Number of protein chains: 2
Amino acid sequence: MNISAASKAAGLPVKTVRYYADIGLVSAPSRSDTGYRTYDDASVRKLIFIRRSRAFGFTIEECRELLDLYQDQDRTSAEVKRIASKRLEELEEKQRELKSLHDELAHLVKTCRGDHRPDCPIIDYLG
Amino acid sequence: MNISAASKAAGLPVKTVRYYADIGLVSAPSRSDTGYRTYDDASVRKLIFIRRSRAFGFTIEECRELLDLYQDQDRTSAEVKRIASKRLEELEEKQRELKSLHDELAHLVKTCRGDHRPDCPIIDYLG
DNA sequence: CTTGACCTTCCAGTTGCTGGAAAGACTAAA
DNA sequence: TTTAGTCTTTCCAGCAACTGGAAGGTCAAG
């Protein structure tokens with residue numbers, strides 16, 4: 001499999017696939033005689049794993065840990081759960097932040113008349 | 001006012017205050033004989049305005065527009081409202097994304113035993 | 001044989017700062 | 001007056017996680 005086939009199979013841009021090997025997140029793929037990267041199904045599975053992990057917002061470093069655990073038959077689910085719980089808490093914190101920002105901005109937008117005149121509660125609040 | 005006094009008054013790091021002038025978000029401050037930046041109350045008010053705008057997640061470019069409107073006596077509140085509404089929609093979109101990620105991850109974390117054994121629904125889901 | 005799609009490497013840019021080095025300026029105490 | 005300590009300056013590099021583009025080699029179809 002050349003890189004574009006692997007990228008399609010993994011659902012990641014070609015550039016990103018190369019990037020993940022550059023930073024050592026996945027091991028360097030083997031090369032054809034002419035230097036083309038060649039991928040097998042196992043590599044694609046790892047790329048998919050990373051894509052899904054990234055979708056949850058895990059950092060590259062966390063993806064590295066998760067990938068290690070994925071490939072470790074002696075892993076404990078406790079370790080996986082620890083990493084996931086940490087991310088879950090971050091998501092909850094982010095949700096709280098977002099909600100408070102949202103509610104405040106929504107209130108301002110609602111009270112702004114949005115007409116041709118200059119007076120505006122949004123500007124007043126910011127200034 | 002030297003830069004550190006202005007930074008304290010505005011609630012922004014010194015580096016950030018310099019940065020905002022570097023990128024032309026605020027105008028370059030006047031300088032003392034020895035080259036120290038000097039700030040007045042009006043500059044500080046603009047910095048505070050930017051800090052609050054940034055807190056809502058407005059990009060630097062949006063802050064630029066908002067600041068222009070702030071300083072424009074002939075602005076229309078419609079223009080302000082348009083920018084704020086756009087941000088509000090983004091916040092709502094982000095909230096939806098976060099909620100769906102959260103719910104999915106929360107479910108996985110809940111169903112993971114988190115013990116010494118390797119089997120784990122989180123890893124299963126990612127892989 | 002040519003065309004066009006693919007592949008390579010390398011370098012730069014994105015966003016919004018932040019850190020650090022080297023050097024000059026100011027202030028207060030000894 | 002010296003000295004120490006705290007400003008301040010500029011400039012350059014780095015963060016995260018890619019993404020874009022240039023210059024050039026490769027491959028398959030017609």
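Colleague: At what angle do H1(A) and helix H3 of chain A pack, and how far apart are their axes?

Modeller: Two packed helices are described by the angle between their axes and the distance between the axes. In this predicted model, the angle between H1(A) and H3(A), residues 41–55, is about 45°, and the axes are 9 Å apart.

Colleague: How are H1(A) and H3(A) classed relative to each other?

Modeller: H1(A) and H3(A) count as oblique to each other. The crossing of H1(A) and H3(A) is right-handed.

Colleague: Let us take a pair in chain B. At roughly what angle do the axes of H4(B) and H5(B) cross?

Modeller: The same two descriptors apply: angle and distance between axes. Helix H4 of chain B covers residues 60–70, and its axis crosses that of H5(B) at roughly 150°, coming within 10 Å. Angles over 145 degrees count as roughly antiparallel, and H4(B) and H5(B) are therefore roughly antiparallel to each other. Their crossing is left-handed.

Colleague: Now a pair between chains. How do the axes of helix H5 of chain A and helix H5 of chain B cross?

Modeller: H5 spans residues 77–111 in chain A and residues 77–111 in chain B; the two axes come within 9 Å and cross at roughly 155°. That crossing angle makes H5(A) roughly antiparallel to H5(B). The handedness of the crossing of H5(A) and H5(B) is left-handed.

Colleague: Which classes of residue make up the contact of H5(A) with H5(B)?

Modeller: The contact of H5(A) with H5(B) has 16 nonpolar residues, 10 charged and six polar.

Colleague: Into which domains is chain A divided?

Modeller: Chain A has domain 1, residues 1–75, and domain 2, residues 90–127. Taken over C-alpha atoms, the centres of domain 1 and domain 2 of chain A are separated by 41 Å.

Colleague: On to the DNA. Which residues come nearest to DNA strand C?

Modeller: There are 19 residues around DNA strand C, and those that come nearest are Arg18(A), Arg37(A), Lys15(B), Tyr20(B) and Arg54(B).

Colleague: What share of the strand C atoms within 4 Å of the protein belongs to sugar or phosphate?

Modeller: Sugar or phosphate makes up 69% of those atoms of DNA strand C, and bases make up the rest.

Colleague: Which parts of DNA strand C do the side chains of Tyr20(B), Arg54(B) and Tyr36(B) approach?

Modeller: An N or O atom in the side chain of Tyr20(B) is 2.8 Å from a phosphate oxygen of DNA strand C. For Arg54(B), a side-chain N or O atom is likewise 2.8 Å from a phosphate oxygen of strand C. Tyr36(B) addresses a base: a side-chain N or O atom is 2.9 Å from a base nitrogen of strand C. As for elements, helix H1 (3–10) and H2 of chain A, together with H2 of chain B, give two or more residues to the surface near DNA strand C. The largest share, four residues, comes from H2(B). By class, that surface divides into seven nonpolar, six polar and six charged residues.

Colleague: And strand D: which residues come nearest to it?

Modeller: Of the 19 residues around DNA strand D, the nearest are Lys15(A), Tyr20(A), Thr34(A), Arg18(B) and Arg37(B). Of the strand D atoms within 4 Å of the protein, sugar and phosphate account for 69%.

Colleague: Which side chains have an N or O atom 2.7 Å, 2.8 Å or 3.3 Å from an oxygen of DNA strand D?

Modeller: Tyr20(A) is 2.7 Å from a phosphate oxygen of strand D, counted from an N or O atom of its side chain. For Thr34(A), a side-chain N or O atom is 2.8 Å from a phosphate oxygen of strand D. With Tyr36(B) the partner is a base oxygen of strand D, 3.3 Å from an N or O atom in the side chain.

Colleague: Which element gives the largest share of the surface near DNA strand D?

Modeller: H2(A) does, with four residues.

Definitions and conventions
Residues are numbered from 1 along each chain as its sequence is written. Chains are lettered from A and ligands numbered from 1 in the order in which they are written. This is a predicted model: local features need pLDDT of at least 70, side-chain atom pairs count only at pLDDT 80 or more; totals for chains, interfaces and linings use all residues. Side-chain values use heavy atoms; hydrogens and water are left out. A residue is near a molecule or strand if one of its heavy atoms lies within 4 Å of it. A polar contact is a pair of N or O atoms within 3.5 Å; within protein, one must be able to donate a hydrogen and the other to accept it, and residues adjacent in sequence count only if both atoms are side-chain atoms. Axes are lines fitted to C-alpha atoms, for helices over the stretch in contact, and angles run from 0 to 180 degrees between N-to-C directions. Angles under 35 degrees count as roughly parallel, over 145 as roughly antiparallel, 65 to 115 as roughly perpendicular and the rest as oblique. A crossing is left-handed if the near helix is turned anticlockwise from the far one by less than a right angle, and right-handed if clockwise. Ala, Val, Leu, Ile, Met, Phe, Trp, Tyr, Cys and Pro count as nonpolar, Asp, Glu, Lys and Arg as charged, and the others, Gly among them, as polar. Domain bounds come from an automatic or database domain assignment.
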